[in-house]
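User: I have a structure open and a few short questions about it. Can we go through them one by one?

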Amino acid sequence: MRDTPAMECPFNSEKTPAYYGDYLGIEKLLELQKPLSLQEGKLIAHDEMLFIIVHQAYELWFKQIRHELEACGEVLSKPAADDDSPDMNVVVHRLKRVVEIWKLLNHQVDVLETMTPLDFLEFRELLHGASGFQSKQFRQIEAALGLRMESRFRPDYYKHTELGGFNAKDLEEITEFEKIPSLLRLVEAWLARMPFFDEAFWSEWNETNPAADSKRPHFWTRYRQLFAASLSDRDDQADLLRKFDDIFFETGWGDFSPASLRSALFIMLYRDEPLFRLPFALLNALIEIDEQLATFRYRHLQMVRRMIGTRVGTGGSSGEQYLQGAVNKNYVFKELAGVITFLIERRNLPALPVRLHKALRFSFAEA
Ligand code: HEM
């Protein structure tokens with residue numbers, strides 16, 4: 001019989017017990033709120049404490065988001081990240097956590113909005129030069145996701161060390177950070193190497209295929225027909241078909257190659273196949289992160305309108321105008337979400353070739 005180790009009574013242990021406040025560094029944490037309007041022990045602008053705590057809470061959550069994104073990047077950087085491996089499951093799980101954190105962050109705007117514009121004016125001028133625009137972690141999250149500097153609204157605003165810009169150290173760190181492959185790049189490469197269109201799967205496919213196009217796998221010739229038939233009179237049919245050809249076979253879209261977008265569309269179409277559930281969940285989580293980030297930009301803009309109207313920001317940008325431009329333009333996975341335009345009804349989907357179908361049901365050995 002195996003000896004079971006005696007369970008140690010936590011209260012008799014020789015080890016120094018952990019202590020809540022020490023473990024979490026609470027004392028240090030609570031020393032970090034230093035309102036500028038504090039004079040001789042009296043806080044002149046009462047709401048400055050709220051302003052500081054809300055910002056700090058954002059930055060703590062930003063740290064957690066960076067932690068999650070970094071871990072996802074490590075898995076996706078593996079040369080053959082398996083589509084159905086425990087690894088991929090962890091990536092999806094972590095991305096979903098990022099979505100939930102963003103939802104929380106968006107809700108936090110409500111708390112700050114309990115401050116009135118007049119309360120804010122009591123300490124606003126003390127912030128001259130400082131702004132959330134200078135949040136290094138926010139820029140790192142944008143970069144880790146894949147928002148390129150040159151694709152933003154007013155890229156000229158970012159990389160400088162003048163008043164309202166970054167300090168030299170932060171600027172250098174952000175620039176270094178941008179060199180790490182982003183989630184977008186890694187996901188693009190992962191999609192592009194999907195093997196669905198290997199000839200071995202399709203050689204015996206006998207779905208109606210009237211005008212075979214040697215440049216395209218038969219599936220896509222057929223799919224294009226079905227897509228054309230699915231368009232209504234009100235859709236600009238010629239334009240959408242031209243886009244279909246461009247996006248999936250010629251130029252790609254944004255940072256996504258045609259091959260990667262074909263895989264994304266294929267995954268979205270056949271998402272009910274067991275092997276596609278994780279890849280679909282991954283694409284969906286990315287689109288949702290973008291949506292939550294856009295919601296943050298929008299909620300933040302509304303709050304700014306309420307707080308300062310159309311005055312310039314403390315960081316020196318045009319304020320409302322700049323933020324509105326960022327809401328409209330600064331998306332990361334817009335093209336991935338755009339693939340949805342090209343879906344057709346489930347009931348009209350072509351049946352997959354038996355070999356591929358089997359493969360997608362985990363029976364590679366029989367394929
Ligand atoms: C009274 C509340 C707030 C006001 C009036 C305000 C105002 C502004 C303004 C005017 C800008 C544009 C840059 C500039 O300063 O010229 C800006 C940018 C920004 N703010 Fe705030 N903000 C507030 C609260 C927050 C909070 C709580 C956060 C959370 C971290 C935040 C994060 C950001 C970020 C990340 C940017 C850059 C946005 C981008 O470039 O897309 N702000 N803010």
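User: Which residue follows α11, and what is the sign of its phi?
Analyst: Gly252 follows α11, and its phi is positive, near 80°. Helices here are DSSP runs (H or I, at least four residues; strands are E, at least two), numbered from the N terminus. This is a predicted model, where local features need pLDDT of at least 70, side-chain atom pairs count only at pLDDT 80 or more, and totals for chains, interfaces and linings use all residues. Residues are numbered from 1 along each chain as its sequence is written.

User: What span should α11 have, and how far apart are its end C-alpha atoms?
Analyst: Helix α11 covers residues 237-250, which is 14 residues, so at 1.5 Å a residue it should span 20 Å. The expected span is 1.5 Å times one less than the number of residues. The end C-alpha atoms are 18 Å apart, which agrees.

User: New topic. What domains does the chain have?
Analyst: Domain 1 is 45-185 + 281-337, and domain 2 is 199-276 + 343-366. The bounds come from an automatic or database domain assignment. The C-alpha centres of the two domains lie 35 Å apart.

User: How many residues does each domain put into the contact?
Analyst: Domain 1 gives 8 residues and domain 2 gives 8 residues. Two residues are in contact if their C-beta atoms, placed from the backbone, lie within 7 Å. On the domain 1 side, helix α15 (residues 334-338) gives the most, with 3 residues.

User: Where does the largest nonpolar core lie?
Analyst: Both domains give residues to this core, so it lies between them. The core has 54 residues, and Leu183 is one of those with the most contacts inside it. A nonpolar core is a set of buried Ala, Val, Leu, Ile, Met, Phe, Trp, Tyr and Cys residues joined through C-beta atoms within 7 Å.

User: What does Leu183 touch?
Analyst: Leaving aside neighbours within four places in sequence, Leu183 is in contact with Leu69, Cys72, Gly73, Ala144, Leu145 and Gly146.

User: And Gly319, buried or exposed?
Analyst: Gly319 is buried, with 20 other C-beta atoms within 10 Å. Buried takes 20 or more such atoms and exposed 12 or fewer, with partly exposed in between; C-beta atoms are placed from the backbone. Gly319 lies in the loop between α13 and α14.

User: Last one: which helix gives the most to the shell around the ligand?
Analyst: That is α13, with 6 residues. In total 26 residues surround the ligand, Ser131 and Gly132 being among the closest. A residue counts as near if its C-beta atom, placed from the backbone, lies within 6 Å.
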